[in-house]
Amino acid sequence: RARDLQGDAGEVAIKVVRKYEMNSMQGDRHLHPEFKKAPKAAERSNILKEVSIMRQLDHPNIIKLIDFSESKQYYYIVLELAPGGELFHQIVRLTYFSEELSRHVIIRVARALEYLHEEKGVVHRDIKPENILFNPIPFIPSKVPKPKQPGDEDKVDEGEFLPGKGAGGIGEIKIADFGLSKIVWESQTMTPCGTVGYTAPEIVKDERYSKSVDMWALGC
């Protein structure tokens with residue numbers, strides 16, 4: 001997290017990725033064993049692919065790329081800041097989401113996926129709560145707590161749901177992390193990737209797949 005002092009981006013998030021390639025003059029005596037590897041052209045190619053895709057994107061429910069640079073040891077990806085953080089932690093905090101809050105989140109993720117799939121030909125391939133960020137909103141305690149139904153789990157109060165705004169402190173939704181994304185348009189691919197628990201059957205079965213795998217992950 002940093003502040004843009006030269007532009008008008010305000011506060012931003014900076015994703016720092018350490019390179020395997022190190023300055024040959026430095027040697028490797030002080031390096032963690034993970035980094036004592038031969039230079040990997042594929043690593044740089046993957047980072048540049050992620051940046052290239054993000055540069056094409058402009059949607060209110062997708063984290064915006066602000067800048068990109070690199071040094072001898074690191075890649076720096078400067079991104080729009082979503083101060084609320086990951087949605088995953090909010091699911092844990094609230095036990096589960098109400099129908100209203102679930103709808104609020106799913107509609108916005110679906111809009112972002114429609115934009116990626118139909119306008120940019122991009123499949124994300126790693127849709128999950130950890131890659132969905134949010135902007136916080138003020139919490140308004142429930143005026144009338146909802147009665148607990150038989151079989152319901154104990155649940156933390158989400159507060160009042162504000163249509164078009166959110167609830168439980170969760171406001172606008174943003175998809176992030178395009179490290180596994182790929183431009184496919186109407187073609188298919190076979191690269192096995194994603195996160196267990198959100199991976200579509202065709203990926204698990206090592207079959208060809210396309211943009212529909214994102215919809216499976218959204219349903220999970």
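Is Lys64 buried, exposed or partly exposed? With a relative accessibility of 30%, Lys64 counts as partly exposed, and this residue serves as a way into the charged pairs of a model that is predicted.

**Overall architecture**

The chain contains five helices and nine strands, and from the N terminus its elements follow the order β-β-α-β-β-β-α-α-β-β-β-β-α-α. Of the 220 residues in the chain, 37% are buried. When contacts are restricted to residues at least 6 apart in sequence, 67% of them join residues at least 24 apart.

**Salt bridges**

Eleven salt bridges are found in the structure, and the table sets out three of them with the closest N to O distance and the relative accessibility of each partner.

| Salt bridge | N to O distance | Basic partner | Acidic partner |
|---|---|---|---|
| Lys15 and Glu50 | 3.1 Å | Lys15, 28% | Glu50, 5% |
| Lys64 and Asp58 | 3.7 Å | Lys64, 30% | Asp58, 54% |
| Arg108 and Glu172 | 3.3 Å | Arg108, 10% | Glu172, 30% |

The side chains of Lys15 and Glu50 meet at 3.1 Å, N to O. This pair links distant parts of the chain, with Lys15 in strand β2 (residues 11–18) and Glu50 in helix α1 (residues 41–55), 35 residues apart. Glu50 counts as buried because its relative accessibility is 5%, under the 20% limit for burial, whereas Lys15, at 28%, is partly exposed. The pair does not stand alone, as Lys15, Glu50 and Asp177 are linked in a network of salt bridges.

In the salt bridge between Lys64 and Asp58, the closest N and O atoms are 3.7 Å apart. Here Asp58 is exposed, at a relative accessible area of 54%, and its partner Lys64 is partly exposed.

Arg108 and Glu172 form a further salt bridge, in which the closest N and O atoms lie 3.3 Å apart. Because Arg108 lies in helix α3 (residues 99–119) and Glu172 in strand β8 (residues 170–175), the pair ties together parts that are 64 residues apart in sequence. Arg108 is buried, with a relative accessible area of 10%, while Glu172 counts as partly exposed at 30%.

**Helix α5 and the cavity beside it**

Which residues of helix α5 (residues 212–219) are buried? They are Val213, Asp214, Ala217 and Leu218. These residues cover an arc of only 145° around the axis, so they fall on the same side of α5. In general, an α-helix has 3.6 residues a turn, so residues three or four places apart point the same way. The partners against which the buried residues of α5 pack are α3, β6 (122–123) and α4 (201–204).

Helix α5 also contributes to an internal space. A search of the whole structure finds one cavity of 30 Å³ or more, and the largest cavity holds about 80 Å³ of space. Its lining comprises 13 residues, of which Arg125, Asp126, Tyr198, Thr199 and Ala217 are the closest to its centre. Ala217 is also one of the buried residues of α5, and α5 supplies the largest share of the lining of this cavity, three residues. By class, the lining of the largest cavity has seven nonpolar, three polar and three charged residues.

**The largest pocket**

The largest pocket has a volume of about 500 Å³. It is lined by 20 residues, and those nearest its centre are Pro145, Lys146, Lys155, Asp157 and Glu158. The classes represented in the lining of this pocket are ten charged, six nonpolar and four polar residues.

**The loop at Glu153**

Where does Glu153 lie? Glu153 lies in the loop between β7 (132–136) and β8. At 53% relative accessibility, Glu153 counts as exposed, because the class begins over 50%. Apart from neighbours within four places in sequence, Glu153 is in contact with Thr95, Tyr96 and Lys148. Thr95 is 58 residues from Glu153 along the chain, yet the C-alpha atoms of these two residues are separated by 8.1 Å.

Note on methods
Residues are numbered from 1 along each chain as its sequence is written. This is a predicted model: local features need pLDDT of at least 70, side-chain atom pairs count only at pLDDT 80 or more; totals for chains, interfaces and linings use all residues. Side-chain values use heavy atoms; hydrogens and water are left out. On a 1 Å grid over the protein atoms alone, a cavity is a set of points where a 1.4 Å probe fits but cannot get out, and a pocket is an open set with protein on both sides within 12 Å along at least five of seven lines; lining residues have an atom within 4 Å of a point. Grid points are joined across faces, edges and corners, and a volume is the space filled by probe spheres set on the points. Ala, Val, Leu, Ile, Met, Phe, Trp, Tyr, Cys and Pro count as nonpolar, Asp, Glu, Lys and Arg as charged, and the others, Gly among them, as polar. A salt bridge is a side-chain nitrogen of Lys or Arg within 4 Å of a carboxyl oxygen of Asp or Glu. Helices (H or I, at least four residues) and strands (E, at least two) are DSSP runs, numbered from the N terminus. Buried means under 20% relative accessible area, exposed over 50%, partly exposed in between (1.4 Å probe, protein chains only). The arc is that of the directions from the helix axis to the C-beta atoms. Contact means heavy atoms within 4.5 Å.
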